[in-house]
Each structure stands twice: as structure tokens, then as C-alpha cells.
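Work through the exercises below with the sequence and the 3D structure at hand, and try each task before reading its solution.

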Amino acid sequence: MEIKLNEILIRDLYNGYIHNEDDNSIIGYYGKLNIRPKYQREFIYSGKQREEVIKSIQKSFPLNVMYWCKNEGDSFELLDGQQRTISICDYVDNVYSIDGKYFQNLTNTEQEQIMNYKLMVYICEGNDKEKLDWFKIINIAGEKLTEQELRNAIYTGEWLESAKQYFSKNGCIAYKKGSDYLTGSSIRQEYLETTLFWIINRDNLKSIEEYMALHQHNHNAIELWNYFSSVIDWVKAIFPKYRKEMKGISWGIYYNQYKDTDYNPKELEQKFQDLCADDDVTNIKGIYEYLLDNNEKHLHLRAFTDKQKRKQYEKQQGVCKKCKKHFSFDEMEGDHIIPWSQGGHTTEDNLQMLCKDCNRRKSDI
């Protein structure tokens with residue numbers, strides 16, 4: 001791969017700048033620079049971040065170096081520096097203002113200072129694999145790429161473009177349908193990554209990369225969207241009443257395992273309310289998971305305090321209630337006489353001290 005350092009004026013970068021909202025393509029540099037190749041992410045800079053880019057330019061401070069790839073002929077594609085490039089061109093294009101001033105409100109001297117600012121750009125030439133490998137390696141400036149953004153750089157094609165339409169745009173249909181149940185950001189590819197994580201569990205695949213490799217050359221991502229839609233519909237059907245604690249649960253994993261179970265939504269709601277009222281349950285979010293897999297660990301059940309255990313230890317004079325042998329305090333554990341699952345509570349009258357071995361044997365029964 002051949003790499004050369006170039007000085008590019010903002011004036012030249014902006015020349016021919018077009019942001020096509022229909023297909024979300026962006027070009028610049030006399031129409032020769034593809035600013036948003038298919039493997040690039042959405043624009044994610046905040047207002048403050050893009051303003052800092054412009055203020056750095058106005059003060060003639062250096063920006064981090066950018067990277068372009070030279071294609072066949074006289075065209076280029078932007079490899080690294082998309083966020084800064086769009087911030088610069090959008091400001092010159094009067095898309096946003098800084099301190100109440102658009103570019104058109106600046107004096108001629110101020111405008112010329114910006115337009116004559118020199119950007120440091122490494123331009124490289126190489127094959128597609130070299131470009132994508134380098135793209136992954138030079139993730140050094142601006143917002144750090146997420147794992148899914150790096151995957152997107154490798155598995156480009158029609159399938160990925162279709163998947164991004166469903167899961168990776170501001171206000172995308174995945175956001176409209178399932179944002180109450182997902183954490184993260186669609187434009188940082190977290191909705192897409194979550195759905196892929198769920199579906200590889202369904203398909204017994206080893207990794208997201210394996211799924212993307214299998215589907216890279218598909219014409220669309222309808223299968224992935226239909227799967228996601230089914231998951232969200234299933235959750236809404238069995239838990240019709242939404243609560244904020246439902247956000248961020250691995251619903252797809254539970255869907256894969258329990259989608260054919262005949263749940264009664266009214267019974268689940270009543271059980272949820274009963275568990276909410278149980279003082280021993282300290283994790284409300286975990287109630288939903290417990291209602292599906294019956295694993296008490298999700299509930300983070302309240303444990304006996306050290307004071308309660310010490311008091312009971314002294315009462316028992318250090319003798320295990322099961323094996324009747326004497327142990328030090330550190331060799332014993334607090335145990336529910338009547339298990340929580342059978343109606344017992346974390347109260348002093350339901351506490352006994354057992355040696356670790358006896359407590360383990362009781363837990364295994």
C-alpha cells in the first residue's frame with residue numbers, strides 16, 4: 001500500500017459538497033471524494049463536538065490527520081475523519097451556527113481564514129482488503145468505533161445496507177418499534193448488534209461475524225427484521241403493561257427458548273405485582289427474567305446481615321444446626337430455615353447458622 005501526506009484546503013474539500021438526503025450519500029472535493037462509503041457509520045458528533053472542530057480551525061489549531069483512499073481513476077473515498085469532514089462542510093454550508101453566527105454571517109476575512117485552512121490528509125492506494133484492514137487499524141481519532149461499526153467495515157454489501165435501514169438510522173423502524181426495550185443507540189449500531197446477538201443464539205452460531213459472513217451477499221435483511229419484530233411482539237403480548245425495568249433485558253434470548261410456552265399474561269402480571277411487594281426481592285428488573293426461567297438469582301434476594309448472623313451464631317454457640325459440630329463464625333453461613341421459594345423470609349426467626357458444607361448440601365437438594 002502506498003501512503004502520501006497531502007495538504008487539502010477546506011475550500012477544495014467543500015467544492016462540490018452534496019449531502020443527498022434520499023440515499024444518505026455525501027460527496028465533496030469537486031465531486032471526487034465519497035465522504036460516506038458503505039462501511040462508514042452515521043454522523044454521531046454532538047453539537048459541542050462539531051463546534052470544537054470549527055473553533056479549532058478558527059484559531060488555526062491543528063486537527064488530527066485524516067485518511068483518504070485513492071480509487072481507480074481520479075476518485076477517493078474517506079477512510080477516517082468523516083465526523084470532522086461533515087462538521088466542517090455543514091458549517092460552511094450554513095447548516096448550523098456557532099455562537100449565533102452561521103458561516104454566511106462571518107466577515108470576509110473570517111470566511112477566508114476558514115476556507116484557506118489546510119487539512120492534513122494521508123492518501124493511500126491499495127486493494128479493497130488493504131483498505132478495510134487499514135480502516136480497522138487506524139481507529140485512532142474522534143469517537144472510538146464500536147465493535148459492530150468495525151464489523152460493518154468488513155461485511156459490506158446489500159444485506160448490510162438493508163440491515164442499516166432497519167436498525168441504524170435516526171428514527172429507524174427498529175427504534176419506533178422497540179426502543180422501550182433496547183439500550184444503546186441505533187446510529188452507533190447497538191440496535192443492530194443486539195439483534196444479531198439474539199439471532200445467533202437462535203441459530204446456534206458461534207459469533208456475529210459468522211452470521212454476517214453467511215448473509216453478506218443476501219439482497220436484503222428482511223429475515224433479521226422479521227425476527228426482531230417477532231421478539232418485540234412476543235414481549236408485548238405476555239407483558240402488556242410496560243414498565244421502565246423492561247428496558248435492556250435480553251428479550252431475544254428468552255424468546256428463542258420460551259416463545260412456544262403458553263403464558264397467561266394476567267397471571268404473569270399478578271405474580272409480578274406480588275414479587276414487587278416482597279421485601280426480600282431487591283431487583284425489580286430481574287422479576288421479568290425470573291418469571292420466564294424461574295431462576296432466583298435474578299431477584300437479588302435480600303441476604304441476612306452480618307449482625308443478624310453473628311447474633312444467631314452466638315445463640316447456637318457456634319454449633320451447626322445440621323451436623324452438630326462446632327465451627328468458627330467465618331466457617332458458617334446464614335441459611336433460611338424455610339426457603340424463600342416456600343414462603344420463608346429474610347428475618348431473624350427464619351435464620352439458622354450452618355457450616356459451609358451443610359449449607360451447600362442443603363442448597364443442592
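The exercises that follow concern a predicted model, and they move from the sheet to its hairpins, then to backbone angles and charged side chains.

**Exercise 1. The sheet**

Find the order of the strands in the open sheet, and state which strands lie at its edges.

Solution. Strands of a sheet pair through backbone hydrogen bonds, either parallel or antiparallel. Following the pairing from strand to strand gives the order E1-E7-E5-E6-E4-E3-E2, an open sheet of seven strands with mixed pairing. The edge strands are E1 (2-9) and E2, each of which pairs on one side only. Next, look at how E1 is held: eight bridges join E1 to strand E7 (residues 118-125), and these two strands run antiparallel. Within this pair, Asn6 stands opposite Val121 in E7.

**Exercise 2. Strand E3 and its two neighbours**

Describe how E3 is joined to E2 and to E4, and work out which side chains of E3 are buried.

Solution. Begin with E2 (residues 18-20), which runs antiparallel to E3 and is joined to E3 by three bridges; here Asn20 has Ser25 as its bridge partner. Four residues lie between the strands of this hairpin, and Asn24 takes a positive phi near 65°. Then turn to E4 (residues 33-34), which is joined to E3 by two bridges and also runs antiparallel to E3; in this pair Ile27 has Asn34 as its bridge partner. E3 and E4 likewise form a hairpin with four residues between them, and Tyr29 in the turn has a positive phi of about 55°. Finally, follow the side chains along E3 (residues 25-28), which alternate: Ile26 and Gly28 point to one face and are buried, whereas Ser25 and Ile27 point to the other face and are not buried.

**Exercise 3. Unusual backbone angles in loops**

For His300 and Gln317, give the sign of phi, and decide whether each residue is exposed or partly exposed.

Solution. Most residues other than glycine have a negative phi. His300, which is not a glycine, nevertheless has a positive phi of about 50°, and it is located in the loop between helix H14 (285-293) and H15. Because its relative accessibility is 48%, His300 counts as partly exposed. Gln317 also has a positive phi, near 55°, and is found in the loop between H15 and E8. With a relative accessible area of 64%, Gln317 is exposed.

**Exercise 4. Charged side chains**

What salt bridge does Arg243 form, and which parts of the chain does the pair tie together?

Solution. Side chains of opposite charge can pair when their charged atoms come close. Arg243 and Glu269 meet in a salt bridge with an N to O distance of 2.6 Å. Arg243 lies in the loop between helix H11 (222-238) and helix H12 (251-258), while Glu269 lies in helix H13 (residues 265-276), so the pair ties together parts that are 26 residues apart in sequence. Both Arg243 and Glu269 are buried.

For contrast, consider the salt bridge between Glu245 and Lys244, at 3.2 Å from N to O. Glu245 counts as buried because its relative accessibility is 19%, under the 20% cut-off, whereas Lys244, at 65%, counts as exposed.

The structure holds 20 salt bridges, and some of them form a network that links Arg151, Glu193 and Glu209.

How values were computed: Residues are numbered from 1 along each chain as its sequence is written. This is a predicted model: local features need pLDDT of at least 70, side-chain atom pairs count only at pLDDT 80 or more; totals for chains, interfaces and linings use all residues. Side-chain values use heavy atoms; hydrogens and water are left out. Buried means under 20% relative accessible area, exposed over 50%, partly exposed in between (1.4 Å probe, protein chains only). Two strands pair if DSSP finds at least two bridges between them. A salt bridge is a side-chain nitrogen of Lys or Arg within 4 Å of a carboxyl oxygen of Asp or Glu.
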